[in-house]
Amino acid sequence: MVAALVRPGRELAKRLLIIQASAVTIVAAVMAIAVNAEWGLSALIGGGIFVFANAVFALFAFMFSGARASKQVMISFYAGEALKILITVILFSAVYMYARVELVPLKLTYLLALGINIFAPVLFINNKK
């Protein structure tokens with residue numbers, strides 16, 4: 001019963017991550033073909049940072065479920081969000097310091113994945129009455 005409560009959220013998170021990863025891959029391929037390989041790689045890195053951090057958050061957010069575990073749910077959710085932010089900062093810092101990337105595609109695909117994260121759940125809402 002408790003696992004059944006969290007199943008819809010996990011499925012939504014999985015579908016959202018698949019959509020984000022697909023969009024990032026397609027945009028990176030298009031940029032690699034249309035501009036050059038460096039832009040494609042930069043786009044893949046920028047979007048990959050968001051998708052990876054979001055996957056870590058989803059893992060933490062749906063770790064616990066049920067009313068008896070409400071405190072654990074809250075702690076896990078906030079820990080996941082804090083870890084998501086920390087991972088994002090660390091990965092962007094590492095990319096800026098150690099990789100030679102183009103900033104425009106890096107940030108554009110990060111923002112694309114962020115936009116998908118904001119607007120795509122609207123597509124999954126069931127309006128059954």
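What percentage of the 129 residues of the protein count as buried? The share is 33%, and the views below walk through a predicted model of this protein.

**View 1. The whole chain is built from helices.** The protein has five helices and zero strands. Read from the N terminus on, its elements go α-α-α-α-α. Take the contacts with a separation of 6 or more: 71% of them join residues 24 or more positions apart. On the outside, the protein exposes about 8,400 Å², and carbon and sulfur atoms supply 72% of that area.

**View 2. Here is the largest nonpolar core, a set of 13 residues.** Ile49, Phe92, Val95, Leu106 and Tyr110 are the ones that touch the most other members. Helix 1 (2-34), helix 2 (37-61), helix 3 (70-98) and helix 4 (103-119) each give two or more residues to this core. Helix 2 provides the largest share, four residues. Now zoom in on Leu106. Setting aside neighbours within four places in sequence, Leu106 is in contact with Ser42, Ala43, Ile45, Gly46, Phe92, Val95, Tyr96 and Val101.

**View 3. Val101 sits in the loop between helix 3 and helix 4.** Is this loop residue buried or exposed? Val101 has 17% relative accessibility, so it counts as buried, the limit being under 20%. Not counting residues up to four places away in sequence, Val101 touches Ser42, Ile45, Val95 and Leu106. Look at Ile45 in particular: Val101 and Ile45 are 56 residues apart along the chain, yet their C-alpha atoms are separated by 8.7 Å.

**View 4. Gln20 is a buried residue of helix 1.** Its relative accessibility is 0%. Who are its partners? Leaving out neighbours within four places in sequence, Gln20 is in contact with Phe50, Val51, Asn54, Ala113, Ile116 and Asn117.

**View 5. Glu11 and Lys14 form a salt bridge.** The count for the model comes to one salt bridge, so this view is worth a stop for anyone hunting charged pairs by the 4 Å rule. The closest N and O atoms of Glu11 and Lys14 are 3.8 Å apart. Both residues lie in helix 1, three residues apart, which is about one turn of the helix. How accessible are the two partners? Glu11, at 37% relative accessibility, counts as partly exposed. Lys14 counts as partly exposed too, at 46%.

**View 6. Met74, Ile75, Phe77 and Tyr78 make a nonpolar surface patch.** The patch covers about 430 Å². One of its members, Met74, lies in helix 3. Met74 is partly exposed, with a relative accessible area of 45%; that is over the 30% a residue needs to join a patch, so Met74 can be a member.

**View 7. These stretches carry a UniProt annotation, "transmembrane region".** The annotation comes from an unreviewed entry and covers residues 16-35, 41-63, 75-96 and 108-125. Two of these stretches get a closer look here. Over residues 41-63, the chain is 91% helix and 0% strand, and the end C-alpha atoms are 33 Å apart. Over residues 108-125, the chain is 89% helix and 0% strand, with the end C-alpha atoms 27 Å apart.

Methods:
Residues are numbered from 1 along each chain as its sequence is written. This is a predicted model: local features need pLDDT of at least 70, side-chain atom pairs count only at pLDDT 80 or more; totals for chains, interfaces and linings use all residues. Side-chain values use heavy atoms; hydrogens and water are left out. A nonpolar core is a set of buried Ala, Val, Leu, Ile, Met, Phe, Trp, Tyr and Cys residues joined through side-chain atoms within 4.5 Å. Buried means under 20% relative accessible area, exposed over 50%, partly exposed in between (1.4 Å probe, protein chains only). Contact means heavy atoms within 4.5 Å. Patches are made of residues with over 30% relative accessible area and no salt bridge: like charges are joined within 9 Å, nonpolar side chains (Val, Leu, Ile, Met, Phe, Trp, Tyr) within 5 Å. Accessible areas come from the Shrake-Rupley method with a 1.4 Å probe; for residues, only the protein chains shown count as cover. A salt bridge is a side-chain nitrogen of Lys or Arg within 4 Å of a carboxyl oxygen of Asp or Glu. UniProt positions are given in the numbering used here, feature names are shortened, and annotations may be inferred rather than shown by experiment.
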